Amino acid sequence: MTRLATLHVERFRNLEPVDLEPAAGINLIHGVNGAGKTSLLEAIHTLSLGRSFRGNNANELIRHGADDLLLRAEVEARSGRGVHRLAMQRDRRSMVLRVDQENVPRLSELARLLPVLALHPQSDDLVLGSPDHRRRFLDRVGFYARTDFHEIHRNFQRALKQRNALLRRGQREPAWERLYLETAGRLEAARRDVLADLEQRMTDLLDRMLPGHRLTLRYLPGYRQDLALDEAIRQGGERERDQQASLFGPHRADLKIALGDHEARQVASRGQIKMLVVLLHLAVLDLWAEVRGEPAVVLFDDLASELDADNRRRVLDYLGQSGHQAFVSVIAADAIDGEGDIQARFAVEDGQVRKMV
Ligand SMILES: Nc1ncnc2c1ncn2[C@@H]1O[C@H](COP(=O)(O)OP(=O)(O)OP(=O)(O)O)[C@@H](O)[C@H]1O
């Protein structure tokens, strides 16, 4: 299975040099505020995706006073597929990526070998935030769940850009209109497929994470649902001319997340929203695992915030049984003592990471 077998971190945030051999299941990371727990999870996220899950400024990740950062990991693929060595060195201007000692040009090569999903306090934006959070989530799921998703997404983005450029010049070209409709249709269909796959994995999770609730996800396509996209564009042609931009299509799509008969963001408590977000992420991990034939890595920052003891237990029990490798940070280790199937514990103190025995 995919798992991080070793992790080496240098000059990253406040961390002192780190050498870890994490367990294959749940790794618990604890320490006081500001110790460096989140930084450790960010290091793993950065090695996979080139950026942290909090903020976009990659330069902030380099330890103050240092010129560059270094991340290295050995990633064990499913038994029989061997070990890959991933490395990233970045300074304030450039980045060098290596897989098995060879330089590679694209981050996606690391991401493919180390699929990582992070859950953190801002993940609630999936329910509470603007539609682009939900679109990005769905697209992220798609990238790992379907090999053709990346291309489908890129083709639409290109067509959208070109169409917008023409609209800014007050033009419309039939060939580009056709391409726009075609690529939009493909992206919409792929997203709907991904969503259906995700929903299939949610039944069991719903029973365990939010027992007694009914959850529905509905794709809102980014134009009037009772119309086809070409008709929506025809009817809204004047507005598009006025605003000189494409106003209808997958770039305006959203996901309606409902608990029972109401939108979750309007009726759910903070704790229920958090559980809903956890549930959706766990469904993604299960989907990726099924498609790829091996479990993924999940980073769970600040598990205890907003979750009561029962819900923390539900999450840890599920993680323990799922086979995914988890890195779970908590402020007080005592608060979740004895819960779930924790395989390794690490204490973080002033940027030093120490394995507990
Ligand atoms: N580039 C950097 N260089 C050095 N230190 C940094 C850098 N970026 C952030 N820090 C510091 O690293 C420390 C660790 O932050 P981190 O968010 O990892 O702590 P944490 O253990 O997750 O805390 P909390 O429980 O409060 O979430 C903070 O004191 C922060 O100011």
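1. Start with the hairpin of β10 and β11. Two residues lie between its strands, and Gly260 there takes a positive phi near 65 degrees. The model is predicted, so this phi is a computed value, as are the others below.

2. Stay with these strands. β10 and β11 (residues 262–263) run antiparallel and are joined by two bridges. Leu259 stands opposite His262 in β11. On the β9 side, Leu259 of β10 is opposite Leu215. Strand β9 (residues 215–220) and strand β10 (residues 254–259) also run antiparallel, with six bridges between them.

3. Next, confidence. The average pLDDT of the protein is 93. A score of at least 70 is reached by 97% of the residues. The model has ipTM 0.94 and pTM 0.93. Where pLDDT is low, the predicted coordinates should not be read in detail.

4. Now the six-stranded sheet. This sheet is open, its pairing is antiparallel, and its order is β2-β1-β4-β5-β6-β7. Its edge strands, β2 (18–20) and β7 (102–104), each pair on one side only. From one strand to the next, the twist averages 20 degrees. Strands of a sheet pair through backbone hydrogen bonds, parallel or antiparallel.

5. Which residues stand across from His8? On one side, His8 is opposite Asp19 in β2. On the other strand, β4, the bridge partner of His8 is Arg72. The bridge counts for β1 (residues 3–10) are as follows. With β2 there are three, in the antiparallel sense. With β4 there are seven, again antiparallel.

6. β4 deserves a closer look. Nine bridges join β4 to β5, and the two run antiparallel. One facing pair is Leu69 and Arg90, the latter in β5. In a regular strand the side chains alternate between the two faces of the sheet. β4 shows this alternation: Leu69, Leu71, Ala73 and Val75 point to one face and are buried. Asp68, Leu70, Arg72, Glu74 and Glu76 point to the other face and are not buried. Note that Leu70 belongs to this second group.

7. What lies across the sheet strands β1, β2, β4 and β5? Helix α1 does. Its direction is at about 75 degrees to β4 (68–76). The range of β5 is 83–91.

8. The ligand shell also involves α1. How many residues surround the ligand? There are 16. The closest are Asn14, Asn33, Lys37, Thr38 and Ser39. Helix α1 (residues 37–49) gives the most to this shell, with three residues. By class, the shell has eight polar, four charged and four nonpolar residues.

9. Last, a residue in another helix. Leu287 sits in helix α11 (residues 270–292). Why does Leu287 count as buried? Leu287 has 21 C-beta neighbours inside 10 Å, and the cut-off for buried is 20 or more. Contacts of Leu287, leaving aside neighbours within four places in sequence, are Val141, Ala145, Asp197, Leu198 and Arg201. The chain also brings Glu199 into view: Leu287 and Glu199 are 88 residues apart along the chain, and their C-alpha atoms are separated by 9.8 Å.

Note on methods. Residues numbered from 1 in each chain as written. Predicted model: local features only at pLDDT ≥ 70, side-chain atom pairs only at ≥ 80, totals over all residues. Near = placed C-beta within 6 Å. Helix = DSSP H or I, 4+ residues; strand = E, 2+ residues; numbered from the N terminus. Nonpolar A, V, L, I, M, F, W, Y, C, P; charged D, E, K, R; others polar. Pairing = 2+ DSSP bridges. Axes fitted to C-alpha atoms, helices over the stretch in contact; angles between N-to-C directions. Contact = placed C-beta atoms within 7 Å. pLDDT = per-residue confidence, 0-100. Buried ≥ 20, exposed ≤ 12 C-beta atoms within 10 Å, placed from the backbone.
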